[in-house]
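Got the viewer open? Let's take a walk through this one together, one selection at a time.

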Amino acid sequence: MASIRVKALADLATGAMARVAVEEEDILLVHLEDGVYAVSDICSHARVSLSGGWLEGDAICCPKHGGKFDARTGCAIAFPAFTNLRKFPASVRDGQIYVEVDE
Ligand code: FES
């Protein structure tokens, strides 16, 4: 695993999410009250970018059909999404967001 700096924390407000490209992966960063989380940006239902969606509390809502995923775990929590998103370890150090990806 490699720890990759992806964004300054100051550029991702609490309650916001943003897509970043890391290696071959499109990753969605989600800044919740208790930290920053990273999951696959691609909806597991019909492969659209979740970055065009919105947050409802801790749930990522897909812009295409309204499926929902737990932002902390990537687990699918509302139909028609039923396959979990891949989760990536994320951390904040010195004001920068890091995501761990396979090398
Ligand atoms: S494409 Fe995301 S719920 Fe259908």
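**Start with the peptide bond before Pro-80**

Select Phe-79 and Pro-80 to begin; keep in mind that this is a predicted model. The strand pairing of Ala-38 opposite Phe-88 in β9 comes up later, but here the thing to see is the peptide bond from Phe-79 to Pro-80, which is cis, with omega near 10 degrees. Most peptide bonds are trans. Pro-80 sits in the loop between β8 (76–78) and β9.

**Zoom out to the whole chain**

Now show the protein chain as a cartoon. You'll find zero helices and 11 strands, so to speak a β-β-β-β-β-β-β-β-β-β-β pattern when read along the sequence. The C-alpha atoms fill a box of roughly 40 × 30 × 20 Å along the principal axes. How does the radius of gyration of the protein chain fit with a compact globule? The chain has 13 Å, and a compact globule with 103 residues would come out near 13 Å, so the two agree.

Try colouring by burial next: buried residues make up 29% of the 103 residues. And if you draw contacts between residues at least 6 apart in sequence, 41% of them join residues at least 24 apart.

**Select the four-strand sheet**

Pick β2, β3, β4 and β9. They form an open sheet in the order β2-β3-β4-β9, with antiparallel pairing. Which strands stand at the edges? Those are β2 (17–22) and β9 (87–88); each has a single partner strand, so one side of each is left without a neighbour in the sheet. Strands of a sheet pair through backbone hydrogen bonds, so switch on a backbone display if you have one.

Zoom in on residues 25–32 and 35–40, which are β3 and β4. The two strands pair in the antiparallel sense over six bridges, and a hairpin of two residues joins β3 to β4. Click Leu-29 and look across: Ala-38 in β4 stands opposite. Then click Val-30, whose bridge partner in β4 is Tyr-37.

Stay on Ala-38 and look for β9. Phe-88 in β9 stands opposite Ala-38, and β4 and β9 pair in the antiparallel sense over two bridges.

**Select the three-strand sheet**

Next, pick β1, β10 and β11. This is an open sheet of three strands in the order β1-β11-β10, with antiparallel pairing. The edges belong to β1 (2–8) and β10, each with a single partner strand, so one side of each is left without a neighbour in the sheet. From one strand to the next, the twist averages 35 degrees.

How many bridges join β10 to β11? There are four, and the strands run antiparallel. Select Ser-91 and you'll find Tyr-98 in β11 opposite.

**Two loop residues to finish**

Most residues other than glycine have a negative phi. Here are two with a positive value.

Select Glu-23, in the loop between β2 and β3. Its phi is near 55 degrees, a positive value in a residue other than glycine. Is Glu-23 buried or exposed? Glu-23 is exposed, because it has 11 other C-beta atoms within 10 Å and 12 or fewer counts as exposed.

Last stop: Asp-94, in the loop between β10 (90–93) and β11 (96–101). Phi of Asp-94 is near 50 degrees, also positive in a residue other than glycine. Asp-94 counts as exposed too, with 8 C-beta neighbours inside 10 Å.

Note on methods: Residues numbered from 1 in each chain as written. Predicted model: local features only at pLDDT ≥ 70, side-chain atom pairs only at ≥ 80, totals over all residues. Pairing = 2+ DSSP bridges. Rg over C-alpha atoms; globule rule 2.2 N^0.38 Å. Buried ≥ 20, exposed ≤ 12 C-beta atoms within 10 Å, placed from the backbone. Contact = placed C-beta atoms within 7 Å. Axes fitted to C-alpha atoms, helices over the stretch in contact; angles between N-to-C directions.
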